[in-house]
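Student: I would like a close look at a single part of this protein. Please take one helix and show me what surrounds it.

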Amino acid sequence: YEYELENGLRVIYFLRPGLKIATSNITYHVGSRNEGLGVTGATHYLEHGMFKGSKRFNKALGNGMWELEGLGAVMNATTYLDRTNYYSVIQSKYLGKVIEKEADRMFEPLLTQELLDSEMTVVRNELERGENNDFEVLHKRIIGAAFLAHPYGHSTIGWRSDVENVSAKALRKFHD
């Protein structure tokens with residue numbers, strides 16, 4: 001079944017009788033191509049930061065995103081040029097909790113300087129891993145040459161100077 005709501009949200013529902021697990025796969029049509037100067041890597045930063053939760057669901061309240069792992073969920077996210085997606089696989093009876101938390105973390109994520117400080121080293125470590133991988137270095141250079149004056153021309157992970165210096169205010173503006 002496929003539904004499209006007035007706000008543009010498209011929901012695809014596929015029932016497999018007998019299974020008592022559900023997969024939530026939420027794809028946002030926002031990727032690194034949407035970033036500008038000074039905020040390269042913002043989409044990837046947000047991917048990490050969204051796991052910190054939201055105003056209603058966070059570690060301090062004891063009900064953050066990672067609470068779902070305690071219920072048996074497998075969760076992760078990916079970012080690329082044209083999209084960001086978040087997925088969870090969980091027992092069907094908990095799907096409502098996943099949807100509620102997903103909606104709230106997109107609506108009111110915790111995009112604070114403290115969040116940036118805690119995630120910057122993680123994101124920078126991913127960037128550095130790529131700098132030490134011959135294939136990734138070649139890929140960045142080929143893409144940069146192929147898309148010289150196009151948003152695809154920079155890596156999804158962003159430029160080191162942006163990763164290390166982006167502000168919470170700039171990240172919030174990009175999110176909004």
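Tutor: What follows starts with the whole chain, goes to helix H1, and then works outward through its neighbours.

The model is predicted. The protein chain has seven helices and five strands. From the N terminus on, the order is β-β-β-α-α-β-β-α-α-α-α-α. The C-alpha atoms fill a box of roughly 50 × 35 × 35 Å along the principal axes. The radius of gyration is 17 Å, and this agrees with the value near 16 Å for a compact globule of 176 residues. Of the 176 residues, 36% count as buried. Take the contacts with a separation of 6 or more: residues 24 or more positions apart account for 73% of them.

Now helix H1. It covers residues 42-49. Is it buried or exposed? Eight of its eight residues are buried, so the helix is largely enclosed by the rest of the structure. "Buried" here means under 20% relative accessible area. The residues are Ala42, Thr43, His44, Tyr45, Leu46, Glu47, His48 and Gly49. The list holds charged and polar residue names as well as Leu46 and Tyr45.

What do the buried residues of H1 pack against? Two strands are on the list: E4 (74-79) and E5 (84-91). Three helices join them: H4 (113-131), H6 (160-165) and H7 (168-175). Let us take the strands, then the helices.

Strands E4 and E5 form a hairpin, with four residues between them. They run antiparallel and are joined by six bridges. One pairing to find on screen is threonine 79, whose bridge partner in E5 is threonine 84. E5 also pairs with strand E3 (21-28). Eight bridges join E3 to E5, and this pair is antiparallel too. Here threonine 23 has valine 89 as its bridge partner in E5. E5 is thus a partner to both E3 and E4. As a general point, side chains in a regular strand alternate between the two faces of the sheet.

Next, helix H4. It is one of the elements that H1 packs against. It also holds one end of a salt bridge: the side chains of lysine 52 and glutamate 119 meet at 3.2 Å, N to O. Lysine 52 lies in the loop between H1 and helix H2 (67-70), and glutamate 119 lies in H4, so the pair ties together parts that are 67 residues apart in sequence. The two ends differ in cover. Lysine 52 is partly exposed, at 33% relative accessible area. Glutamate 119 counts as buried, at 9%.

Helix H6 is another of the elements packed against H1. Look at arginine 160. It forms a salt bridge with glutamate 131, with the closest N and O atoms 2.8 Å apart. Arginine 160 is in H6 and glutamate 131 is in H4, so this pair ties together parts 29 residues apart in sequence. Arginine 160 is partly exposed, at 28% relative accessible area. Glutamate 131 is partly exposed as well, at 40%.

Arginine 160 has another partner. Its side chain meets that of glutamate 164 in a salt bridge of 3.3 Å, N to O. Those two residues are four apart in H6, and so are separated by about one helical turn. Glutamate 164 counts as partly exposed, at 32%. Step back and the pairs join up: Arg124, Glu128, Glu131, Arg160 and Glu164 are linked in a network of salt bridges. The count of salt bridges comes to 14.

For contrast with the enclosed helix, go to the surface. The protein chain exposes about 11,100 Å², and carbon and sulfur atoms supply 56% of it. A nonpolar patch is formed there by Tyr1, Tyr3, Leu5, Leu9, Val11, Tyr13 and Leu15. Together these residues have about 730 Å² of accessible area. Tyrosine 13 is one of them. It sits in the loop between strand E2 (10-12) and strand E3. It is partly exposed, at 43% relative accessible area.

So the picture around H1 is this. The helix is largely enclosed, with E4, E5, H4, H6 and H7 packed against its buried residues. The two strands form a hairpin. Helices H4 and H6 are tied together by the pair of arginine 160 and glutamate 131.

Notes
Residues are numbered from 1 along each chain as its sequence is written. This is a predicted model: local features need pLDDT of at least 70, side-chain atom pairs count only at pLDDT 80 or more; totals for chains, interfaces and linings use all residues. Side-chain values use heavy atoms; hydrogens and water are left out. Patches are made of residues with over 30% relative accessible area and no salt bridge: like charges are joined within 9 Å, nonpolar side chains (Val, Leu, Ile, Met, Phe, Trp, Tyr) within 5 Å. Accessible areas come from the Shrake-Rupley method with a 1.4 Å probe; for residues, only the protein chains shown count as cover. A salt bridge is a side-chain nitrogen of Lys or Arg within 4 Å of a carboxyl oxygen of Asp or Glu. Buried means under 20% relative accessible area, exposed over 50%, partly exposed in between (1.4 Å probe, protein chains only). Contact means heavy atoms within 4.5 Å. Two strands pair if DSSP finds at least two bridges between them. The radius of gyration is taken over C-alpha atoms; the globule rule is 2.2 Å times the number of residues to the power 0.38.
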